[in-house]
Amino acid sequence: MNRTDNIDKINNLNAGYKQFHFDFVSKRLIFLAVAGVIFLTGIISFFTRGFNWDIDFVGGTIMEYNMGRDLSVSDVEDIESLAVEILGANAVSSVVRSGNPAQQVVIKTQDIDTDKRNEIFEALAEKYNITEDDIYRTNNVNPTVGETLTRSTILSVVIASVLMLIYISVRFDFKSGLATVICLLFDLFVMLTVYSLLQISMNVAVIAAFLTILGYSINATIIIFDRVRENMKLKRGANIKFAEIINMSLSQTIARSFNTTLTTFFVLIVLFIIGVPSIRTFVLPLIVGIMSGLFSSLCLAGQLWNFLKGAGEEKSKNKAK
């Protein structure tokens, strides 16, 4: 018994039940309109609000102190409030605890002079009774490091996208690979839009967040495209349009896509609620990314493959004429 017969048997198990069916292809203009609104919002935000670049990218000042006690989340928030009061909200990039146990605090700010550093130290010394011996480091970060990180981030995304395009083109075809990569870039664009709108600090964690979403989103899309390929084999010779194959495959995999996304979503929500600020700034874009991945895999990827396949066939017909 071959694989096609097995799939046919599995599908026949549910013959007595009314299968879910939704015409995704006919709603493509609605989906494209939603994507267009998101794209326009992102472009406007990029030019009007910009990004809150961490000192990892643009340079600045790092101050690390030993507080002589285990720091709680509320302690970190109090220290951040103290730094904001002295320097202003826009000057403070991040405040996190470090060490094992977590008795050190790391304050990252824009480039500040010695007087401001001393003012922060004096405020911490007054409130937490620390001395100069508790100063681990206070130094500037060269912005050229940020240039290297920026190039590394872009290069990582480009290489990952190209490798995925090659893999999907070999496993399915080039048009499906192109549709997948476009959706992946859309997911990254959504994450960038969230970073810009909410002014989340853009630090080295963004690289991990981007690559995580690239891997997660492509997994959902490949599951759908694999079902498309199997249905094409099952319905070969039945004179069924490719758009109907897309609808059928999406309807069969929608439950799996929702369940997988929701289970991941619940875990990330817990991390966001109980996590420290540095974890939250990493988890929030991931939450947005997996939701965007659900939208793009169900509502965009199949539509794009159908469009590219139809455009290619139309071009072939015109050449033949």
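**Exercise 1. One helical turn**

Task: In this predicted model, work out how many residues separate R229 and D226 in helix α8, and what that spacing amounts to in helical turns.

Solution: Start with the positions. R229 and D226 both sit in helix α8, 3 residues apart, which means that about one helical turn separates them. Next, look at the side chains: those of R229 and D226 meet in a salt bridge, with 2.7 Å from N to O. That falls inside the cut-off, since a salt bridge needs a side-chain nitrogen of Lys or Arg within 4 Å of a carboxyl oxygen of Asp or Glu. Finally, check the exposure of each partner. R229 has a relative accessible area of 22%, so this residue is partly exposed. D226, at 14% relative accessibility, counts as buried.

**Exercise 2. From a pair to a network**

Task: Find which residue forms a salt bridge with D226 at 3.4 Å, and then name the residues that are linked in a network of salt bridges with D226.

Solution: The partner at this distance is R171, whose closest N and O atoms with D226 are 3.4 Å apart. This pair links distant parts of the chain, because a salt bridge here joins R171 in helix α6 to D226 in helix α8, 55 residues apart. R171 has 30% relative accessibility and counts as partly exposed. Now put the pieces together: R171, D226 and R229 are linked in a network of salt bridges.

**Exercise 3. A salt bridge between strands**

Task: The structure holds 5 salt bridges. For the one between E64 and R137, decide which strands it ties together and whether each residue is buried or partly exposed.

Solution: First, the geometry: the E64 and R137 side chains meet at 2.9 Å, N to O. Second, the location: E64 belongs to strand β2 (residues 60-66) and R137 to strand β5 (residues 135-141), so the pair ties together parts that are 73 residues apart in sequence. Third, the accessibility. Buried means under 20% relative accessible area, so E64, at 12%, is buried. R137, at 34%, is partly exposed.

**Exercise 4. Reading ring geometry**

Task: The structure holds 12 aromatic pairs. Classify the pair F46 and F51 and the pair F172 and F225 by the angle between their ring planes.

Solution: Take F46 and F51 to begin with. Their ring centres are 5.2 Å apart and their planes lie at 35 degrees, so the pair is tilted. F51 itself is partly exposed, with a relative accessible area of 22%. Both rings also belong to a cluster, in which ring pairs link F39, F46, F51, W53 and F189.

Now turn to F172 and F225. Here the centres are 6.2 Å apart and the planes stand at 80 degrees, so the pair is edge-to-face. F172 lies in the loop between α6 (143-171) and α7 (174-198), while F225 lies in helix α8, so the pair ties together parts that are 53 residues apart in sequence. Both F172 and F225 are buried.

**Exercise 5. A buried serine**

Task: Say where S176 is found, whether S176 is buried or exposed, and which residues beyond its neighbours within four places in sequence are in contact with S176.

Solution: S176 is found in helix α7. With 0% relative accessibility, S176 counts as buried. Once neighbours within four places are set aside, the contacts of S176 are I168, F225 and W305. You have met F225 before, as the ring partner of F172.

**Exercise 6. Two helices packing**

Task: Describe how α8 packs against α9.

Solution: Two numbers are the place to start: the angle between the axes of two packed helices and the distance between those axes. Helix α8 (residues 205-234) and helix α9 (residues 242-274) pack at about 145 degrees, with axes 9 Å apart. Then add the handedness: α8 passes α9 in a right-handed crossing. Last comes the make-up of the contact, which has 11 nonpolar, 9 polar and 2 charged residues.

**Exercise 7. A loop residue and its partners**

Task: Locate A102 and list its contacts, leaving aside neighbours within four places in sequence.

Solution: A102 lies in the loop between β3 (92-98) and β4 (104-109). At a relative accessible area of 22%, A102 is partly exposed. Its contacts, with those neighbours left aside, are R69, D70, L71 and R97. For L71, 31 residues away along the chain, the C-alpha atom is 5.9 Å from that of A102.

How values were computed:
Residues are numbered from 1 along each chain as its sequence is written. This is a predicted model: local features need pLDDT of at least 70, side-chain atom pairs count only at pLDDT 80 or more; totals for chains, interfaces and linings use all residues. Side-chain values use heavy atoms; hydrogens and water are left out. Helices (H or I, at least four residues) and strands (E, at least two) are DSSP runs, numbered from the N terminus. Buried means under 20% relative accessible area, exposed over 50%, partly exposed in between (1.4 Å probe, protein chains only). Contact means heavy atoms within 4.5 Å. Axes are lines fitted to C-alpha atoms, for helices over the stretch in contact, and angles run from 0 to 180 degrees between N-to-C directions. A crossing is left-handed if the near helix is turned anticlockwise from the far one by less than a right angle, and right-handed if clockwise. Ala, Val, Leu, Ile, Met, Phe, Trp, Tyr, Cys and Pro count as nonpolar, Asp, Glu, Lys and Arg as charged, and the others, Gly among them, as polar. Rings of Phe, Tyr and Trp (its six-membered ring) pair if their centres lie within 6.5 Å; planes under 30 degrees apart count as stacked, over 60 as edge-to-face and the rest as tilted.
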